[in-house]
Every structure is written in structure tokens, then in C-alpha cells.
Amino acid sequence: MAKSKVDRYVKVEKHYKHDKPYYLVKLFAKNPDAGRLGTYNHFPLRYETQNKMTADSYAYKISRCLEVPVRN
């Protein structure tokens, strides 16, 4: 039987450290063959910045390379 398609996307997440915001870019992937339906595994891309525009730009570049959408 053929494997199902993996649903994946890139997302920019806002977090706080010492009351200052910073942004992380993560890759999320959901595989329906893994068993637990409706759960996504996330993979941090080790990119952190305090500038939202820079984080969005990086997420867009990663999404173009991986051919996945960017979600808000």
C-alpha cells in the first residue's frame, strides 16, 4: 500500500524572553501513517531573531526551498 502524503508547513512563532519578544521559525509536519491523527511534529530551524520582518523573510525563503506554505 502506498504511503500517504505528508502535510507540512513553515510557521513563525512569537515567544518572550525577559519581557522582550523574539521570533522562531519552525517546520511542522503531520504524517497520517504515524498513527496519532491530528498531531504535528515540529522541527525548530535554529533561527531566532528579534525582528518580525527578518523572521518572515527567512520563513518565506525556507518555504520556497522546501516547497511548503507559510502559515500564520
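This is a short tour of the structure, moving from the whole chain to a single threonine.

**Start with everything shown.** You are looking at a predicted model. Colour it by secondary structure and you should find one helix and four strands, arranged from the N terminus as β-β-β-α-β. Switch on the surface for a moment: its accessible area is about 5,800 Å², with 51% of that belonging to carbon and sulfur atoms. Of the 72 residues, 25% count as buried. If you like contact maps, take those contacts whose partners sit at least 6 apart in sequence; 43% of them join residues at least 24 apart.

**Next, select the strands.** In what order do the four strands lie in the sheet? Reading across, the order is β3-β2-β1-β4, in an open sheet with mixed pairing. β3 (41-49) and β4 (70-71) each have a single partner strand, so one side of each has no neighbour in the sheet. Now turn to β1 and β2, which pair in the antiparallel sense over eleven bridges. For a landmark on this pair, pick Y9 and look across to F28 in β2, which stands opposite.

**Bring the helix back.** α1 packs on the sheet and touches β1, β2, β3 and β4. Draw axes if your viewer allows: the direction of α1 makes about 160 degrees with that of β1.

**Now show side chains for the core.** Select V10, V12, Y23, V25, L27, A55, A59, I62 and V68; these nine residues make up the largest nonpolar core. The elements that give two or more residues to this core are β1 (7-17), β2 (20-30) and α1 (52-66). This fits a wider pattern: in soluble globular proteins, nonpolar side chains tend to be buried together.

**Centre on A55.** Which residues does A55 contact, once neighbours within four places in sequence are set aside? They are V12, Y23, V25, Y47 and T49. Among them, V12, Y23 and V25 are fellow members of the core.

**Finish at T49.** Follow that last contact to T49, which lies in strand β3. Is T49 buried or exposed? T49 has a relative accessible area of 14%, and because the cut-off for buried is under 20%, T49 counts as buried. Beyond its neighbours within four places in sequence, T49 is in contact with Y22, Y23, T54 and A55. For a last distance to display, go from the side chain of T49 to the backbone nitrogen of N51, which it reaches at 3.3 Å.

Definitions and conventions:
Residues are numbered from 1 along each chain as its sequence is written. This is a predicted model: local features need pLDDT of at least 70, side-chain atom pairs count only at pLDDT 80 or more; totals for chains, interfaces and linings use all residues. Side-chain values use heavy atoms; hydrogens and water are left out. A nonpolar core is a set of buried Ala, Val, Leu, Ile, Met, Phe, Trp, Tyr and Cys residues joined through side-chain atoms within 4.5 Å. Buried means under 20% relative accessible area, exposed over 50%, partly exposed in between (1.4 Å probe, protein chains only). Contact means heavy atoms within 4.5 Å. Two strands pair if DSSP finds at least two bridges between them. Axes are lines fitted to C-alpha atoms, for helices over the stretch in contact, and angles run from 0 to 180 degrees between N-to-C directions. A polar contact is a pair of N or O atoms within 3.5 Å; within protein, one must be able to donate a hydrogen and the other to accept it, and residues adjacent in sequence count only if both atoms are side-chain atoms. Accessible areas come from the Shrake-Rupley method with a 1.4 Å probe; for residues, only the protein chains shown count as cover.
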